[in-house]
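Me: Please examine the structure below with me, beginning with the overall fold and ending with a single residue.

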Amino acid sequence: WQTENGVLLPSLQSALPFLDLHGTPRLEFHQSVFDELREKLLERVSAIALEGKVEERYKKLEDLLEKSFSLVKMPSIQPVVMCVMKHLPKVPEKKLKLVMADKDLYKACAVEVKRQIWQDNQALFGDEVSPLLKQYILEKENILFSNDISVLHNFFSPSPKTRRQGEVVQKLTQMIGKNVKLYDMVLQFLRTLFLRTRNVHYCTLRAELLMSLHDLEISEICTVDPCHKFTWCLDACIREKFVDNKRARELQGFLDGVKKGQEQVLGDLSMILCDPFAINTLALSTIRHLQDLVGQDTLPRESPDLLLLLRMLSLGQGAWDMIDSQVFKEPKMEAELITKFLPMLMSFVVDDHTFNVDQKLPSEEKGPIPYPSTIPEAFTKFLQENRIACEIGLYYILHITKQRNKNAFLRLLPALVETFSDLAFSDIFLHLLTGNLTLLSDEFALEEFCTSLFDGFFLTACSRKENVHRHVLRLLLHLHHKVAPAKLESLQKALEPTKQSGEAVKELYNQLTEKLELRKPSPAEVTETPSMELPLPSVPTPASR
């Protein structure tokens, strides 16, 4: 039996007793020969898949699959069967069904085979994609709530190319391969989830996925996605965080080029523009344009570039409504946004310039001119009723905070308590605001500043919005040492979690309490060094008056 089933090599028969002398079992020898042959066979299968005419090579592989498939459950042979299936562009339906029905086989088969299974099984593909989408949203939220508060490294810091290297985008790109049907399925999942949750991070993933396929030059998909060139151009703007004139004209060309009967493309374009990274770029560019217009003595209505930015902001902000209603038409822009709201923002810029010039002039007897403290009622009304005005207004406030312009910040802050669908309490805005506030860290010692910021803004929403509670705690964890002790104590009481508070809030509050405990001087220290401890809290108060 051994002779009949062994390796039939005449020269081997005399060599085998040597192995016996070394105590090497025949099983070990045969196993190593078997492994070697399997490796050779796997190499040969991969080579067959590349040589000769297409029909012939696939015929060979199909014959090989037919002969070997019955052994697919044998662990030693399974890799060969899987390799054959991997190289077949179309595995016979019957075999795919058998693989799909067996969990272990399904798990073991290559992604190339799974793609063929998925394209006719949307539910199964959904089960594979769903955990990745959840992971993606969680990653975005973790960045927004990160304890590292910095004006230099925030949510929008990573470049588009860096973001596309993320695990989820890479996995999805690999799962889709060149399969247009699977790509369409993922887009459908993203649209559905965006509609169900209103979560704008799904819009980011929509753009990142397309650009990831673009990076790999997968023309099979890029050429059939009507948003490809628009997304590519917008991606370049996001990289620069600015829409320059040349790219603005390109983007306008794409929007104007939407033909009659193809309006559905607007739904996809609006989703690409709803990506927070796109909104961020458009809003920053808008603020920059407004400042340029002040210098040129030009009104917003006379700037075509500014009007285009507003048009794209409007399309992006209207994405959810458009996809929900299935009415694919660009939202109408309110004339008052251009004729009243933007000139009002420009007047704030002028107020700052005027105040700065006044400060430099020699003071007359009537004393220094105070900074304007009132805000036009119309400004507050715009922030409450017009989504685009609200978005631009919030970015203007981020802009003045980044410039360390405390006067302008305190003047406009009251307008943020009530905004269009509570945009001022959205995670992205609060993430950016807390980062920018680190530049005004010295102001936290002043009672007036803290009262306006915490009592007048943050605490108005803490009890009803847990995310605001988290952002305030993040800010205090970072800047507690700058806040006057009396104010810090009252804030600690006001921010104490309730029974309904989530784990994240409780965890942050505990971290803050621990930090404050560490800062409290021991009684011995107080008696020894009273001169250090006592005057400190009272130093800032004269300055605030």
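The exchange below concerns a predicted model.

Me: How many helices and how many strands are there in the chain?
Reply: The secondary structure of this predicted model can be counted by element type. The chain has zero strands, and its helices number 33.

Me: What radius of gyration does the chain have, beside that of a compact globule of 545 residues?
Reply: The C-alpha trace spans about 115 × 75 × 40 Å along its principal axes. For a compact globule of 545 residues, a radius of gyration near 24 Å would be expected, but that of the chain is 32 Å.

Me: What percentage of the contacts in the chain with a separation of 6 or more is between residues 24 or more positions apart?
Reply: Of the 545 residues, 46% are buried. Among contacts with a separation of 6 or more, the share from residues 24 or more positions apart is 72%.

Me: How far apart are the mean positions of the positive and negative charges of the chain?
Reply: The chain carries 66 positive and 73 negative charges. Their mean positions are separated by 4 Å.

Me: Is His469 buried or exposed?
Reply: His469 lies in helix 27, which covers residues 466-479. Its relative accessible area is 8%, and the cut-off for burial is under 20%. Therefore His469 is classed as buried.

Me: Which residues is His469 in contact with, leaving aside its neighbours within four places in sequence?
Reply: His469 belongs to helix 27. Leaving aside neighbours within four places in sequence, the contacts of His469 are Cys462, Leu495, Glu496, Pro497 and Val505.

Key: Residues are numbered from 1 along each chain as its sequence is written. This is a predicted model: local features need pLDDT of at least 70, side-chain atom pairs count only at pLDDT 80 or more; totals for chains, interfaces and linings use all residues. Side-chain values use heavy atoms; hydrogens and water are left out. Helices (H or I, at least four residues) and strands (E, at least two) are DSSP runs, numbered from the N terminus. The radius of gyration is taken over C-alpha atoms; the globule rule is 2.2 Å times the number of residues to the power 0.38. Buried means under 20% relative accessible area, exposed over 50%, partly exposed in between (1.4 Å probe, protein chains only). Contact means heavy atoms within 4.5 Å. Lys and Arg count as positive and Asp and Glu as negative; His and the chain ends are not counted. The place of a charge is taken as NZ of Lys, CZ of Arg, CG of Asp or CD of Glu.
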